[in-house]
Structure formats: structure tokens, C-alpha cells
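User: Hello! I am new to this structure and would like a close look at a single part, the aromatic rings. Could you take me through them?

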Amino acid sequence: MYAAKDAELAPVLAKPGKLLKEDAFGAAALSGEWSVAKGEWAVKDGVLIAKEKPEDKHAGVCALNVPNRNSIIRFSYRLAGAKALTLSFNHAKGHLFRVSLGADSITLSKDKDKSDAAGKPLQLAKAEAPKNGAEWTTIQVEMLGQKVAVTTDSGLKLEGADTALDVDKTGYRFVISGELAELDGVKIWEYAP
């Protein structure tokens with residue numbers, strides 16, 4: 001069912017400006033801005049198919065190398081056997097924060113600061129997902145300064161903030177845990193001045 005695929009979502013934090021990247025996976029392979037680190041990521045029938053590979057002994061990781069600081073990313077996804085699909089953000093010194101898309105919940109978390117031995121991950125927000133993950137869902141993640149807002153086509157809204165999030169980010173990392181997830185309709189905007 002594609003009813004929620006490519007849904008339009010109103011921004012929460014500010015108005016979108018210039019469209020920086022759009023990928024509907026119409027080509028036979030990923031463009032040069034994408035890089036696969038782990039797992040199997042392949043374009044099939046206009047959708048990016050993601051699978052974790054057990055021999056990697058690590059979740060599958062595919063990065064969209066579009067540096068950003070304040071931006072909006074929107075995409076559609078479907079869990080087709082995967083435990084979770086995560087949108088992860090790094091900064092120059094490592095992991096920063098992530099939005100974990102599970103079958104029954106969506107979680108916004110700040111990652112542990114690896115330079116702080118006593119540091120721990122910090123959950124900024126969590127909500128039950130009204131869909132079971134097997135249907136197409138459109139999600140939008142907005143970053144503005146220290147704030148992050150997450151919205152889905154089903155009306156789910158999460159917001160969180162942390163001063164550590166107000167930094168340049170290296171790109172957008174998609175992480176697959178489990179057998180299969182599908183991704184489509186990726187769009188990235190900068191904020192309007």
C-alpha cells in the first residue's frame with residue numbers, strides 16, 4: 001500500500017529554503033553522493049532496498065554525504081522484516097544523534113560522547129508509532145540550532161533539544177538492523193534565510 005508514500009508534511013521549526021538533494025531512486029544504482037559502509041543497499045524498482053549482512057557483524061550503514069547544519073530531510077520508508085531503520089547524524093568528532101524508526105515506536109536520542117568515559121546516550125523523545133512499520137510511512141526530520149523536530153504522515157510529532165546538536169553535521173546516515181527495509185523519496189532542504 002502506497003497511500004502514505006511521498007506525503008507532504010508541513011515544517012514545524014521554520015520554512016524550507018533551497019532544495020539541496022532529491023532522490024527517488026530512478027537510476028539503476030546509487031548516485032556518487034551515497035556511500036555504503038556495511039550491509040547490502042541496492043536500487044530495485046525505484047526503491048532503495050536495505051539489508052543487514054550477518055557476516056558484517058554490524059548493522060548496515062549507507063551515508064548520504066550532504067554536509068549540513070540546519071536542514072530538513074523527508075523520506076518514505078517501510079520495514080519489511082527489519083527490526084529498525086535509523087537516521088543517524090555524525091559530526092566531525094563522531095556520532096551525534098539519531099532517530100530510530102521501529103515497528104512500534106520512534107525514538108529521538110543523543111548519542112554518547114565517546115570522549116567522555118562516563119557519558120551515556122540520552123533519550124530526548126519517544127512516541128508509539130501508530131503503524132506497524134510494514135506500511136509505507138513518510139517522515140520528516142528538522143534540525144535548527146539545538147532543536148530537532150520529527151513528524152510523520154500519521155500525525156506523530158516528537159521534539160527534542162540539546163546544545164550539543166548545534167554543530168555542523170557530516171551528512172545523513174541510514175542504518176538497517178535486520179533483514180529488509182525500503183526507502184524512497186528522499187528530499188533535503190536548507191532553511192530559508
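Analyst: Happy to; here is a walk through the aromatic rings. This is a predicted model, in which local features need pLDDT of at least 70, side-chain atom pairs count only at pLDDT 80 or more, and totals for chains, interfaces and linings use all residues. Residues are numbered from 1 along each chain as its sequence is written, and side-chain values use heavy atoms, with hydrogens and water left out.

The structure contains six aromatic pairs. Rings of Phe, Tyr and Trp (its six-membered ring) pair if their centres lie within 6.5 Å; planes under 30 degrees apart count as stacked, over 60 as edge-to-face and the rest as tilted. One of the pairs joins F75 and Y77: the ring centres are 6.2 Å apart and the planes stand at 55°, so this pair is tilted.

F75 also pairs with F174, with centres 5.2 Å apart and planes at 85°, so here the arrangement is edge-to-face. Because F75 belongs to strand β6 (residues 71-79) and F174 to strand β14 (residues 172-178), this pair ties together parts that are 99 residues apart in sequence. Strands here are DSSP runs (E, at least two residues), numbered from the N terminus.

How exposed are these rings? Buried means under 20% relative accessible area, exposed over 50%, and partly exposed in between (1.4 Å probe, protein chains only). F75 has 1% relative accessibility and counts as buried, Y77 is buried at 3%, and F174 is buried too.

Stepping back, F75, Y77 and F174 belong to one aromatic cluster together with F25 and W34.

Terms used
Helix = DSSP H or I, 4+ residues; strand = E, 2+ residues; numbered from the N terminus.
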